[in-house]
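Welcome to this short tour. Please have the sequence and the 3D view open side by side, and take your time with each stop.

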Amino acid sequence: MDRFHILGPTPLVGRVRASGAKNAALPALAASLLTDEPVTLHRVPRVRDLRTMCRLLDYLGVGSEEREAPAPGLPDFADPELPADPEGSQSTQSPESSRSTKSTEGSKSGASPEAVAEAVLVLRRSRPSSGADAPYELVKTMRASVLVLGPLLARYGFARVSLPGGCAIGVRPIDQHLKGLAALGADVRLAGGYVETRASRLTGARFRFDLPTVTGTENLLLAACLARGTTVLENCAREPEVADLARLLNAMGARISGAGGDTVVVDGVDGLGGAVHRVIPDRIEGGTYLIGAAITGGDVLLEQANAADLAPLLDKLAEVGVEIEVSPAGIRARVRAGDGSLRARDVATAPHPGFPTDLQAQYMALMTRAAGTSTIRETVFENRFQHVSELARMGARVHVDGRSARVDGPTELTGAAVMATDLRASACLVLAGVAAAGTTVVDRIYHLDRGYEGMELKLQGLGAHVARVTESMAT
Ligand code: UD1
């Protein structure tokens, strides 16, 4: 089991680039089940959740092959298969998708000190479907495996997927996914820990989610694009990852409009083809490095970032006293020497465009260093304050009351041995470790590896003293 050894405090200074968004790449991989033609995905992050999804797809008859990535730093238009992005990476409109005519060949490779090389993944049916069955052994480690339910059902008229089960950050039911599929005419049953769905062909319908769910919206989009007739989905999740999936599906031949908004309309088609698509940058990973700049009193330029997707965080950081500058080069976050201390500011998580729950833990680490008292309210998930007891070991003063946490600052954090409990909690502890005086050892880094590509390399590129230590080296 790997751990991070961190020696702090160090201000994070320099340029960093976010990898592709894990939460956009996962549904994009699931979309490959909808076609027999190759789907080529650029900017796929090399993280464990993606490898888990590849294993599941392989079981379902879709093989994945990693190709060399374009050199980091090359402009997007250097890739002949991708449409040029005339507005640069700041654009929220860039389609970054195209219908594929051939597979990617001969792309360039390279490395830069501040970036992890991008991966290109080609997904292609390797054998006829042996069934539409996703077993517990493959699904249990990752809740997002449920994203195969919609495409399998739409494509084969039957899907049997293990229920993802409980999760460290709450109960996280999938009732909305199932209600939505039932609205499209599926027969849905639960038996022996599995959900079984059947429909000779799904039929378009109007469906309103009881609450916005990200993977629920994505599952319904994946299913509805092959349904007969028109589907209207209301109260959809508005996360940028939903819009990114729709861009890919449209490039494959689907007819989806309104994705990224509250109401999405899907005109069903009879079949989908292959496509080439570039996954959006990971706003949560990028946001983590911006918070890293703030908590360490540093100066970080996040390259190739989409400022609109990060607006809720950028607004909050500005309130806290972090100088934010958005330019064609990226988003710069810095704490100017002599600006005085950071100011405590309350936050409440909410579905997009609210403050992302996936940045709540990192923001809490920041608030331990800010002057004053802040209240952090978690409205999306229950039980998402597991980082609090670990932060307390580093000197933080945090009091949890139900779904609210009160943080009293500022605290001079001190290094300690701490344990990562989930993906974002791990990131919070790593940032706190870089800001803390002395040595911090963050154990159970495998949580971090689910969603952060090369975090120690990126932090090293920003000047942090972080080392990955594997079990055999540690003992
Ligand atoms: C996705 C993200 C995750 C992020 C979360 C919220 C992926 C792979 N994961 O998770 O990183 O933290 O969005 O931004 O994209 N709910 C129900 N019934 C359902 C579905 C959800 O009650 O059928 C509830 C959940 O318990 C939760 C809320 O809705 O309270 C939002 O969950 P949801 O948006 O579905 O999260 P995920 O898609 O699992």
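The report below begins with the whole chain and then visits the ligand, two helices, a group of strands and a few backbone details.

## The chain as a whole

What you see is a predicted model. The chain has 475 residues, and 58% of them are buried. Its secondary structure amounts to 15 helices and 25 strands.

Contacts give another view of the fold. Among those with a separation of 6 or more, 77% are between residues 24 or more positions apart. As for the outside, the chain has an accessible surface of about 17,400 Å², with carbon and sulfur atoms contributing 51% of that area.

## Around the ligand

How many residues surround the ligand? There are 19, and the closest of them are Gln176, Thr213, Thr215, Asp358 and Val380. Sorted by class, this shell holds eight nonpolar, six polar and five charged residues.

Some individual atom pairs are worth finding in the 3D view. Asp175 places a polar side-chain atom 2.7 Å from a nitrogen atom of the ligand. In the side chain of Asp358, an N or O atom is 2.6 Å from an oxygen atom of the ligand. With Val380 the backbone takes part: one of its polar atoms is 2.5 Å from an oxygen atom of the ligand. On its own the ligand would expose 740 Å², and the protein buries 87% of that. Three elements each give two or more residues to the shell, namely helix H1 (22–31), helix H5 (175–183) and helix H6 (214–224). Of the elements, H5 supplies the largest share, with three residues.

## Two covered helices

Let us look again at two of those helices. Why can H1 be called largely enclosed by the rest of the structure? Nine of its ten residues are buried, so the surrounding structure covers most of H1. Those buried residues are Lys22, Ala24, Ala25, Leu26, Pro27, Ala28, Leu29, Ala30 and Ala31.

H6 is mostly covered too, with ten of its eleven residues buried. The buried positions include Thr215, Gly216, Glu218, Asn219 and Leu222. At the start of H6, Thr213 has a side-chain oxygen that comes within 2.9 Å of the backbone nitrogen of Gly216. Thr213 and Thr215 are also among the residues closest to the ligand.

## Strand S14 and its partners

Strand S14 covers residues 264–267, and its side chains alternate. Which of them are buried? Val264 and Val266 are, and they point to one face, while Val265 and Asp267 point to the other and are not buried. This fits a general pattern: in a regular strand, side chains alternate between the two faces of the sheet.

S14 pairs with strand S12 (residues 230–234), running antiparallel to it through four bridges. Within this pairing, Val232 has Val265 of S14 as its bridge partner. Strand S13 (residues 255–257) also pairs with S14 in the antiparallel sense, over three bridges, and here Arg255 stands opposite Asp267. S13 and S14 make a hairpin with six residues between them. In its turn, Gly258 has a positive phi of about 90°.

## Backbone details in the loops

Where in the chain are cis peptide bonds to be found? One joins Gly8 to Pro9, with omega near 0°. Pro9 sits in the loop between strand S1 (3–8) and strand S2 (13–17). Another cis bond, again with omega near 0°, runs from Gly409 to Pro410, and Pro410 belongs to the loop between strand S22 (404–409) and strand S23 (417–419).

Positive phi values also appear in residues other than glycine. Gln304, which is not a glycine, has a positive phi of about 50° and lies in the loop between strand S16 (299–303) and helix H9 (311–320). Is Gln304 buried or exposed? Its relative accessibility is 16%, and buried means under 20%, so Gln304 counts as buried. Arg444 has a positive phi as well, near 60°. This residue lies in the loop between strand S24 (438–443) and helix H13 (446–449). With a relative accessible area of 34%, Arg444 is partly exposed.

Terms used
Residues numbered from 1 in each chain as written. Predicted model: local features only at pLDDT ≥ 70, side-chain atom pairs only at ≥ 80, totals over all residues. Heavy atoms only, no water. Near = heavy atom within 4 Å. Polar contact = N/O pair within 3.5 Å; in protein donor to acceptor, adjacent residues only side chain to side chain. Areas by Shrake-Rupley, 256 points an atom, 1.4 Å probe, with all protein chains shown as cover. Nonpolar A, V, L, I, M, F, W, Y, C, P; charged D, E, K, R; others polar. Buried < 20%, exposed > 50% of the residue type's maximum accessible area, 1.4 Å probe, protein only. Pairing = 2+ DSSP bridges. Contact = heavy atoms within 4.5 Å.
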